[in-house]
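I am opening a notebook page for this protein and will put down what I looked up, in the order in which I looked.

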Amino acid sequence: MQARIEALPRETVDRIAAGEVVERPASVLKELLENSLDAGATRITLELAGGGIELLRVSDDGHGIDREELALAVRRHCTSKIRELRDIEGVGTFGFRGEALAALASVSILEILSRREKGESAWSLEVRDGKPGDTVPAARERGTTVSVRDLFGRVPVRRKFLKTESGEKRQVLRVWEQYLLAHPEVTFALVDEGVEKARYTATVDLKQRVGDLLGAELSRQMVDISGEEEGHRIEGLCSLPLTSRGNRNHQFIFLGRRPIQDDRVSHAIRQAYRDVLPPGRFPSCLLFLEVEPGLVDVNVHPTKREVRFRESSRIHSLVSHAIGRAISGGALGRRLADRPEMQLGGQRAESGAKPQSNIDFKPGPGPRPGMVREYQSGSREPLDIREAPAETEANREAEFWQLDRTFILTRIGEGLVIVDQHNAHERILYDRALANLDGRAPESQSLLFPHSLEISPSEMEAWRELDDFLETLGYRISEFGENTLAVEAIPAGLRRWDGGESLRELLADSLAEKGGRSERRDRALATYACKAAVKAGQILRAEEMRRLIAELFETRSPYTCPHGRPIIIRIGRDELEKRFHRIVPDREDA
Ligand code: ADP
Ligand code: MG
């Protein structure tokens, strides 16, 4: 028999609709927080019981709701926020459909308690099974408290889809964190099972909030990003590649300060870190996007979690470029230069002093202990070692150790940094060679006596092809008889004359390589950097290590060598604390 078509009971319609907006405690929290923020709250408290299933309560000090309007607030499509339909289009009215409270009221026991201004009484209204009771007088300060109890208690099908209490709580806290980060200007408190677990004081400084919530160590490792492109804007923070995580949990994307998920933006983040983080490691970032209303559709998802950017490739390039600029070596070098531990004290090279290589491994009377140089941020001048007037405190603090003649250990911030000396020097030489190719004058060190180098006829051919290239690197070589070269000067960055070994390799390599001229030059560049770089097994003096590291942070990409191998490993204080079990229990298990 054919089923008759019947209108569904009102209650059922509401519950179906509710399912769209309210999936779980985390989505309840999202709706309540947005209402509180819309009401201009400066303090918001979240109370939980049973992972938010038993009770989820949000209290704020916002403008409150009038007595007469309490009943309206929980009716479907009643909202104070859209007066005209065209508002729905705009980002300014991101998702105001007057549905949330009504939806919540149909799947829980909902109570609203609110007070407008001082002097008036507070009023309370309870809705059970979608049926509002009477509005009764109550007591509280200005603001609103919305309590949602026994979520889906009378909708077993939906209740079944909830995870365990702790699973739901995790998701609640994730939403909580997103809003905390989006609104540092609001004080947030968390009460779980009747106990205050955390309080985050309002601040105008986003970094401060990041520090309070995700740890001071991480916040110190974050740099500002900003960018703008035709109706699209980005601001925010992203982590330097020194700090990375095994998952994407610390990536927060906001549109108009509301958390969203977007694959293109996530991809742009990955892309920006592609060359500086090894696979499986993820950066932390907070991206605040602002897009002109016509350029984004916010109504593609009922809870506004996803949006559709009209110009998604513009968003992509805006994000990846803004991050790229912020984390590139130059900016980082300047940042490190600001730190006392990296400020190497002492006097600057006098003007007119003979420019020396940035990493000066020249033999001869080496710098004595206590000799330091100042790390001049942004300065393109080669660095020089001069005698320091006095050992400064900052200088004493910056210590360098060599482990196994291969790794340099030092401190940056509150963490331990381990640098691979070969990879680091390779990156420096490579970047410098590139700068030379871009027109920077090469720095050479003349050899006291020219060294002659016997080579084969084919190597001679290779040399003829590579000669100007070698000159850009800082070599000065001339032909000296049939199969002999005279080497008069070598790049300043090389440690010493190695008997022609690296030069020979360079020529051989360029011969072996197939491909066109420019490809062979690229290859030669990498080979040069690799062969010329200080090797594992070579002893470095403290000053040499210090220079190497300061120089490294002047390069474009201090984290990976030209072959993509990592240069730096950083073990933060929080990691050390974790390993020594000094860490305080985290919120959830506390
Ligand atoms: P919407 O937020 O889309 O308007 P809701 O169902 O979430 O719909 O809320 C309905 C109305 O209730 C809001 O328009 C607002 O006027 C009022 N309201 C809800 N929560 C608060 C609050 N915390 N403070 C002040 N007013 C509130
Ligand atoms: Mg709302």
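**Overall make-up**

I began with burial and found that 50% of the 590 residues of the protein count as buried, where buried means under 20% relative accessible area, exposed over 50% and partly exposed in between, with a 1.4 Å probe and protein chains only. I note that this is a predicted model, in which local features need pLDDT of at least 70 and side-chain atom pairs count only at pLDDT 80 or more, while totals for chains, interfaces and linings use all residues. Residues are numbered from 1 along each chain as its sequence is written, chains are lettered from A and ligands numbered from 1 in the order in which they are written, and side-chain values use heavy atoms, with hydrogens and water left out.

I then listed the secondary structure, which comes to 18 helices and 23 strands; these are DSSP runs (helices H or I, at least four residues; strands E, at least two) numbered from the N terminus. For contacts, meaning heavy atoms within 4.5 Å, I found that residues 24 or more positions apart account for 71% of those in the protein with a separation of 6 or more.

**Nonpolar cores**

Which residues touch the most other members of the largest nonpolar core? I found Leu 29, Leu 32, Leu 46, Leu 56, Leu 110 and Trp 176, out of 58 residues in that core. A nonpolar core here is a set of buried Ala, Val, Leu, Ile, Met, Phe, Trp, Tyr and Cys residues joined through side-chain atoms within 4.5 Å. Helix α6 (residues 165-182) gives the most to this core, with eight residues. The core draws at least three residues from each of domain 1 (10-202) and domain 2 (207-334), and I record that the domain bounds come from an automatic or database domain assignment.

I followed Trp 176 further: leaving out residues up to four places away in sequence, Trp 176 touches Leu 29, Ile 44, Leu 46, Phe 188, Ala 189, Leu 190 and Tyr 200. A second, separate core has 50 residues, among them Ile 225, Leu 287, Val 291 and Val 296.

Lys 169 also sits in helix α6, and at 12% relative accessibility Lys 169 counts as buried. I noted its C-alpha atom at 8.7 Å from that of Ile 53, although 116 residues separate the two along the chain.

**Strand β2**

Leu 55 is found in strand β2 (residues 55-60) and is buried, with a relative accessible area of 11%. Not counting residues up to four places away in sequence, Leu 55 touches Glu 47, Leu 48, Ala 49, Ser 147, Val 148 and Arg 149. The C-alpha atoms of Leu 55 and Leu 151 are separated by 7.7 Å, with these positions 96 residues apart along the chain.

**Helix α13 and the largest cavity**

I looked next for enclosed space and found six cavities of 30 Å³ or more. On a 1 Å grid over the protein atoms alone, a cavity is a set of points where a 1.4 Å probe fits but cannot get out, and lining residues have an atom within 4 Å of a point. The largest has a volume of about 80 Å³, volume being the space filled by probe spheres set on the points, which are joined across faces, edges and corners.

Which helix gives the most to the lining of the largest cavity? The answer is α13, with four residues. The lining includes Leu 429, Arg 432, Asn 436, Glu 443 and Tyr 528.

I stayed with Asn 436, which is placed in helix α13 (residues 421-437) and is buried, with a relative accessible area of 6%. Its side chain reaches the backbone oxygen of Thr 472 at 2.9 Å. Leaving aside neighbours within four places in sequence, Asn 436 is in contact with Ala 441, Pro 442, Thr 472 and Leu 473.

**Positive phi in two loops**

Glu 193 lies in the loop between β8 (187-192) and β9 (195-200), and has a positive phi of about 50° although it is not a glycine. Is Glu 193 buried, partly exposed or exposed? At 48% relative accessibility, I entered Glu 193 as partly exposed.

Asp 404 lies in the loop between β17 (401-403) and β18 (407-412), with a positive phi near 60°. Asp 404 is exposed, with a relative accessible area of 62%.

Terms used
Polar contact = N/O pair within 3.5 Å; in protein donor to acceptor, adjacent residues only side chain to side chain. 1 Å grid on protein atoms, 1.4 Å probe; cavity = no way out; pocket = protein on both sides within 12 Å on 5 of 7 lines; lining within 4 Å.
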